[in-house]
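Please take a moment to look through the sequence and the structure shown below, and then follow the explanation one step at a time.

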Amino acid sequence: MTGTNGASKDRSRSPKKVDPTKLTEADLADGFSASEIFGSKTTMSGYTYDDLICLPGHINFGVHDVLLGSRFTKKIALKTPIVSSPMDTVTESNMAIAMALEGGIGVIHTNLPVETQAAEVARVKKYKAGFILEPRCVPPTMTVEELDKLKSTVGFTGFPVTENGQMGAKLLGLVTKRDTDFVQDVNPMTDRKTRLSEIMTPTANLVTLFEGCDLLEANDVLQKSKKGKLPIVTRGGLLVALVARTDIKKNVDFPNATKHPLNKELLVAAAIGTRPADRDRVKALVAAGVDAVVIDSSQGDSVFQHEMVKWIKSNFPDLQVVAGNVVTKKQAKNLIECGADALRVGMGIGSICTTQEVCACGRAQASAVYNVAKLARQYGVPILADGGISSPGHIVKALSLGAGAAMCGSLLAGTSETPGEYFYSEDGKRLKRYRGMGSIDAMKKGSDDRYFGTAAVIKVAQGVSGTVQDKGSIHKYIPYLTQGLKHGMQDIGAQSVDQLQSMLQEGQLRFELRSAAAQREGGVHGLHSFERKLFDS
Ligand SMILES: NC(=O)C1=CN([C@@H]2O[C@H](COP(=O)(O)OP(=O)(O)OC[C@H]3O[C@@H](n4cnc5c(N)ncnc54)[C@H](O)[C@@H]3O)[C@@H](O)[C@H]2O)C=CC1
Ligand SMILES: O=c1[nH]c(=O)c2[nH+]cn([C@@H]3O[C@H](COP(=O)(O)O)[C@@H](O)[C@H]3O)c2[nH]1
Ligand SMILES: [K+]
């Protein structure tokens, strides 16, 4: 107020009337386009997911109508835009199988000897829904007492009995709960010492099928015979797989599975480095059937990686190559021009990363994703937003900024399909280990050579080692993430990832930056206490 007695004119209440029917799009535009936010020449800041919020659009479709189909690489499409990180506490074959069944893809880590990594890839390629390809087998000489112990650690009750107790050997019989329950505990000292050969159902009395049968046949035989387990054998009687009725019930259908269109095998990727020895690794992975390789490095714009991308594309032109990591347009352009089929974006922003602290290099993730995606789109190359994703909302933001898919470590760590055993913390929480691939622990296990095979004397960690809480199975967790993602896209008014990204290009997708107070407001606040349950299914 100016003037005396507070009587000056308030110009903001100018009486000029506006006809609301004549309002233009520009009059109604709220917030800012991504190019206004990230292209601003005055702010000089990098932003990340939490700095931003997406403004809602108009909804004219149901949440179930939202399509999440997107791209992992130029030639590999995904129905679920989520990828599990190549880390030794995140992705081996079990995880890669579960991710592919749920419509995403897993990248098998490279902290393994070549043959082991290739065998992990082969396990994914050989996976057939409902067929247990590596059932736990027992030898005929095992006692009931020993079997009791095994049952309590593995959590299932039926075992094929093979000549040497290994998979692939001659099938002698099957021992299930019914057989062991018959062993009377009249004299536990002696009865539990009975050998399985005496109580098992011998092969001659078993219902079996020959290899080559499909799941429908197996299911049919299980139903007609009213059995719980069906061994699949070669004509020579060697065990090749086991089908369990409980699995068939569970495995009804995975309509989103990431599969080869013709042979129906699940798709899988594997990580490699850029050392000369990694060329042999690529050959072994290709022989095992890998569909894509991910060159695993924090700074991808190196002459080593350029050479590797070119070598792969000239020797294995059909193999998809994901190069990275990059966070700038120049890094991206260099790798794309070497032939990369996708780029991995993110430096120092992962939950376990200390690269920005140690090396002073990296970039805030939303700025990295937006800028690299914008450049890569001009070449038709998809990008993966790698790291820093801790909620379904972060995936919505990554896709809104142009990513083809989100690559996640910590978000998926702690699920039952990840490598490693669960253990309990002092306060009774069920935990699993999760560690950076540049942590001292991980480097000691496998990547030593990568750093210090020769001259280096000091190991400089670029990551930490920690724990995460049990998240249950990927088969429940991914559906929770995708449902959250669909709600987010519906709120924005985008029915598909393609539409979301066209809206981004055309500036129809509107964002605002959030102040520190706005970020607080967007979280839970003002309660004495609360419990966070992520989903109910
Ligand atoms: N995304 C991120 O921000 C980060 C990720 N990480 C992860 O940690 C692991 C290790 O990453 P990096 O340390 O970047 O591994 P890297 O293998 O790219 O680099 C390790 C060291 O070896 C050198 N080197 C690489 N290839 C070479 C070759 N062909 N000949 C000679 N020297 C070569 C590099 O220059 C570097 O000094 C990866 O799993 C990576 O994803 C590590 C740090 C940051
Ligand atoms: O600076 C780093 N030091 C490390 O030791 C390390 N290990 C993994 N990564 C990268 O982090 C991503 C996973 O991040 P999130 O847990 O946030 O999903 C992964 O996908 C990697 O890009 C590392 N970065
Ligand atoms: K970090």
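In this predicted model, the side chain of Ser351 places an N or O atom 2.7 Å from an oxygen atom of ligand 2. The backbone takes part in polar contacts with the ligand as well: a nitrogen atom of ligand 2 lies 2.8 Å from a backbone N or O atom of Met437, and an oxygen atom of ligand 2 lies 2.5 Å from a backbone N or O atom of Gly438. If ligand 2 is taken alone, it exposes 510 Å², and the protein buries 91% of that area.

Which residues make up the surroundings of ligand 2? There are 24 of them, and the closest are Cys353, Asp386, Tyr434, Gly438 and Gln462. When the residues of this shell are sorted by their chemical character, seven are nonpolar, 15 are polar and two are charged.

Cys353, one of the closest residues to ligand 2, also leads to another part of the structure, since its O atom is a donor to the potassium ion, which is ligand 3. The other protein donors of this ion are the O atoms of Gly348 and Gly350, and the donors lie 2.8 to 3.1 Å from the potassium ion. Along the sequence, these donor residues follow the spacing G-x1-G-x2-C.

Are these donor residues buried or exposed? Gly348 and Gly350 are both buried, whereas Cys353 counts as partly exposed because its relative accessibility is 26%, and a residue must be under 20% to be called buried. Cys353 sits in the loop that runs between strand S16 (342–345) and helix H14 (355–359). The unreviewed UniProt entry places the feature "active site" at Cys353 and at Arg450.

The same kind of record can be followed to a further set of positions. The unreviewed UniProt entry places the feature "binding site" at Asp296, Ser297, Ser298, Gly346, Met347 and Gly348. Although these residues span 53 residues in sequence, no two of their C-alpha atoms are more than 13.7 Å apart, so they gather at one spot. Gly348 therefore appears both in this annotation and among the donors of the potassium ion, while being buried because it falls under the 20% limit.

Ser297, another of the "binding site" positions, is found in the loop between strand S14 (292–295) and helix H12 (303–315). With a relative accessibility of 25%, Ser297 counts as partly exposed.

Definitions and conventions
Residues numbered from 1 in each chain as written. Chains lettered and ligands numbered in written order. Predicted model: local features only at pLDDT ≥ 70, side-chain atom pairs only at ≥ 80, totals over all residues. Heavy atoms only, no water. Near = heavy atom within 4 Å. Polar contact = N/O pair within 3.5 Å; in protein donor to acceptor, adjacent residues only side chain to side chain. Areas by Shrake-Rupley, 256 points an atom, 1.4 Å probe, with all protein chains shown as cover. Nonpolar A, V, L, I, M, F, W, Y, C, P; charged D, E, K, R; others polar. Donors = N, O, S within 2.8 Å, 3.2 Å for Na, K, Ca; no water. Buried < 20%, exposed > 50% of the residue type's maximum accessible area, 1.4 Å probe, protein only. UniProt positions renumbered as here; feature names shortened; annotations may be inferred. Helix = DSSP H or I, 4+ residues; strand = E, 2+ residues; numbered from the N terminus.
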